[in-house]
Amino acid sequence: MSRAIKLISPKLAYKIVEEVKQQNCLLSEVAKRHGVSTKLVYQLVRQNDQQNQTYKVSHLKFEINQAKTNLKHLVNELTHLQQSSVQ
């Protein structure tokens with residue numbers, strides 16, 4: 001994380017990213033409006049994108065593990081049913 005990012009409040013960082021991402025404002029316009037450099041706005045947006053990507057990957061891994069567990073239960077249930085029907 002750059003030193004400049006550490007110097008602004010998390011609330012301001014969130015507001016800057018929100019303006020760029022949700023309101024589709026230009027980086028340079030947002031930078032001027034908040035008195036920061038365009039480079040800093042870019043870094044904040046990029047950092048936010050990386051955090052979102054990391055969250056998405058973690059969430060997908062969690063969902064895959066849940067699906068694997070459910071599949072194991074279903075296979076066990078099917079095996080039990082098949083064994084019961086043979087007897």
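Q: A polar contact is a pair of N or O atoms within 3.5 Å; within protein, one has to be able to donate a hydrogen and the other to accept it. In this predicted model, the backbone oxygen of which residue does the side chain of threonine 79 reach?
A: Start with where we are: threonine 79 sits in helix α4. Its side chain gets to a backbone oxygen at 2.8 Å, and the cut-off for a polar contact is 3.5 Å. The residue that supplies this oxygen is valine 75.

Q: Is threonine 79 buried, partly exposed or exposed?
A: Buried would need under 20% relative accessible area, and exposed over 50%. Threonine 79 comes out at 33%, so it falls in the class called partly exposed.

Q: How far apart in space are threonine 79 and asparagine 48, C-alpha to C-alpha?
A: Along the sequence, these two are 31 residues apart. In space, C-alpha to C-alpha, the separation is 46 Å.

Q: How far apart are the end C-alpha atoms of α4?
A: This helix has 49 residues, and at 1.5 Å a residue it should span 72 Å. The model agrees with that expectation, because its end C-alpha atoms are separated by 71 Å.

Q: Which residues of α4 are buried?
A: The helix runs from 38 to 86, and being buried takes under 20% relative accessible area. In α4, the residues that pass are Leu40, Val41, Leu44, Val45 and Gln47.

Q: Which elements give two or more residues to the largest nonpolar core?
A: That core has 13 residues, and those with the most contacts inside it include Ile8, Ile16 and Val30. Nonpolar side chains tend to be buried together in soluble globular proteins. Here, the elements giving two or more residues to the core are α2, α3 and α4.

Q: Within what arc do the buried residues of α2 fall, seen down its axis?
A: The buried set in α2 is Ala13, Ile16, Val17, Glu19 and Val20. They line one face of the helix, because the arc they fall within is 160°.

Q: Which exposed residues sit on the face of α2 turned away from its buried side?
A: On the buried side, the cover includes α3 and α4. Flip to the face turned away from it and you find the exposed residues Pro10, Lys11 and Tyr14.

Q: Why are the buried residues of α3 on the same side of it, and how wide is their arc?
A: The residues in question are Val30, Ala31 and His34. They end up on the same side of α3 because the arc they cover around the axis is only 100°.

Q: The side chain of which residue makes a polar contact with the side chain of histidine 34?
A: Histidine 34 belongs to helix α3. Leaving aside neighbours within four places in sequence, it is in contact with Leu12, Lys15, Ile16 and Glu19. The side-chain polar contact, at 2.8 Å, is with glutamate 19.

Q: What separates the C-alpha atoms of leucine 12 and histidine 34?
A: Leucine 12 is in helix α2 and counts as partly exposed, because its relative accessibility is 24%. It lies 22 residues from histidine 34 along the chain. Between the two C-alpha atoms, the separation is 8.6 Å.

Q: What is phi of asparagine 24, a residue other than glycine?
A: Asparagine 24 is in the loop between α2 and α3, and at 63% relative accessibility it counts as exposed. Phi is positive at this residue, near 55°.

Q: Which glycine follows α3?
A: Just past the helix, the chain has a glycine whose phi is positive, near 70°. That residue is glycine 35.

Q: Where in the chain is confidence lowest?
A: The chain averages a pLDDT of 91, and 92% of the residues score at least 70. Confidence is highest in α3, at 95. Where pLDDT is low, the predicted coordinates should not be read in detail. With a mean of 66, the lowest spot is helix α1.

Methods: Residues numbered from 1 in each chain as written. Predicted model: local features only at pLDDT ≥ 70, side-chain atom pairs only at ≥ 80, totals over all residues. Heavy atoms only, no water. Core = buried A, V, L, I, M, F, W, Y, C linked by side-chain atoms within 4.5 Å. Buried < 20%, exposed > 50% of the residue type's maximum accessible area, 1.4 Å probe, protein only. Helix = DSSP H or I, 4+ residues; strand = E, 2+ residues; numbered from the N terminus. Arc of directions from axis to C-beta. Contact = heavy atoms within 4.5 Å. pLDDT = per-residue confidence, 0-100. Expected span 1.5 Å × (residues − 1).
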